[in-house]
Structures are given as structure tokens and as C-alpha cells.
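Here is a friendly set of questions and answers to work through with the model open beside you. Take your time with each one before reading on.

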Amino acid sequence: MAGQGTPATALLNRRKVRYSTHPYDVSPDAPDYGALVAAALGVPPERVFKSLVTEVDGALAVAVVPVTGELDLKALAASLGGKRATMADRAVAERATGYVRGGISPIGQRKRLPTVLDASVLAHHTVYVSAGRRGLQVELAPADLIALTDAATAPIAAH
């Protein structure tokens, strides 16, 4: 695993969380990127989650939803007690998390942002999220993901 360390995997190791990493090769500019990542990993796409940096009433937050769905911005805002949510500017998201687009992990971000996981995460024994760089996913138990990110769960994906 030399050369694959990221802030996310460093945090997983520090906390002694069981996980596995899964490299893949998909162009970050490919249409339907998430579905292609799931196919490259050989797992159902509903087990692969994407991390989206948003602004809820002007404050940054992270939404983690299955790659098969879109983020319901109204549901996200409501889950955080806000009125309005929008997608954060890419540069703002990268600066706040310390990760680049296509490799934003909900784990080990530079700033700890309020995080909401789509409630569907609870239906799986393990799920996949970015390990903190393009081309690498981390597989872990939903309970560990929730604990590491201090996340709430709510139905925030629009399928």
C-alpha cells in the first residue's frame, strides 16, 4: 500500500478502524462517473457513495449520497435545520476539505464540517467512499463512517 496514504486512511489507521482500499481507473471527466466507479470495483452502485460539499444557509456542510442518486438540496437543508442549500464552489470545497474534486472523502477533511449521510447507508454491511484521492475508494462499515464523521443520517438523496 506504499504511496496510497491519504488524510482519510491516516485517520482510519489512527482510530484502528477496519477498512480496505480499492483502487480503480476511471476518468474523473467521464459521464456517469459514480456508476463507472462502481462497475470498476465490481460492486452494486447503491453501495458507492459520493461526497458533495454544500452551503446550507451560508455555512459549509458535507452531503454523502449514493452515486446512483442526486442530492435533494431541500432535504439536506431541512436535515441541518436550515432553510436553503446550494452546492459549494469547487475551489471553496477543495480548500475546506483539503481534497480535490473527484477525490473528496468525508473522512479526514482539513476542516470538520457538518456531515449528513443518506439514510440508505444503513441498509449495507459495508459501503465505499473516496479514500481522499482520485482512483482510490475505501470500504468500511456504515457505523464507522458515521462515527468518524460525526454524521447525521437522513433521507437526502433524490433517486
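Q: Are Arg47 and Glu139 buried or exposed?
A: In this predicted model, a residue counts as buried when its relative accessible area is under 20%. Arg47 and Glu139 both meet that description. The word for the pair is buried.

Q: How far apart are the closest N and O atoms of Arg47 and Glu139?
A: These two residues form a salt bridge with each other. A salt bridge needs a side-chain nitrogen of Lys or Arg within 4 Å of a carboxyl oxygen of Asp or Glu. For Arg47 and Glu139, the closest N and O atoms are separated by 3.3 Å.

Q: How many residues apart in sequence are the parts that Arg47 and Glu139 tie together?
A: Arg47 sits in the loop between α2 and β2 (49-56). Glu139 belongs to strand β8 (residues 136-140), so the pair joins parts whose separation in sequence is 92 residues.

Q: Which strand does β8 form a hairpin with, and which residue in the turn has a positive phi?
A: β8 pairs with β7 in the antiparallel sense over 5 bridges, and Val129 stands opposite Val138 in β8. The hairpin has 2 residues between its strands. The partner strand is β7, and the turn residue with a positive phi, about 90 degrees, is Gly135.

Q: Why is strand β7 largely enclosed by the rest of the structure?
A: Strand β7 covers residues 127-133. It is largely enclosed because, of its 7 residues, the number buried is 6.

Q: Which loops hold Arg101 and Asp29, and how many residues apart in sequence are the parts they tie together?
A: The side chains of Arg101 and Asp29 meet in a salt bridge at 3.6 Å, N to O. Arg101 lies in the loop between α4 (90-97) and β6 (115-118), and Asp29 in the loop between β1 (20-23) and α2 (33-41), so the parts tied together are separated in sequence by 72 residues.

Q: Is Asp29 buried or exposed?
A: Its partner Arg101 has 35% relative accessibility and counts as partly exposed. A residue is exposed when the value is over 50%. Asp29 has a relative accessible area of 63%, so Asp29 is exposed.

Q: In which helix do Glu94 and Arg90 lie?
A: Their side chains meet in a salt bridge at 3.2 Å, N to O. Glu94 is partly exposed at 22%, and Arg90 is partly exposed at 45%. The two are 4 residues apart, about one turn of the helix, and that helix is α4.

Notes
Residues numbered from 1 in each chain as written. Predicted model: local features only at pLDDT ≥ 70, side-chain atom pairs only at ≥ 80, totals over all residues. Heavy atoms only, no water. Buried < 20%, exposed > 50% of the residue type's maximum accessible area, 1.4 Å probe, protein only. Pairing = 2+ DSSP bridges.
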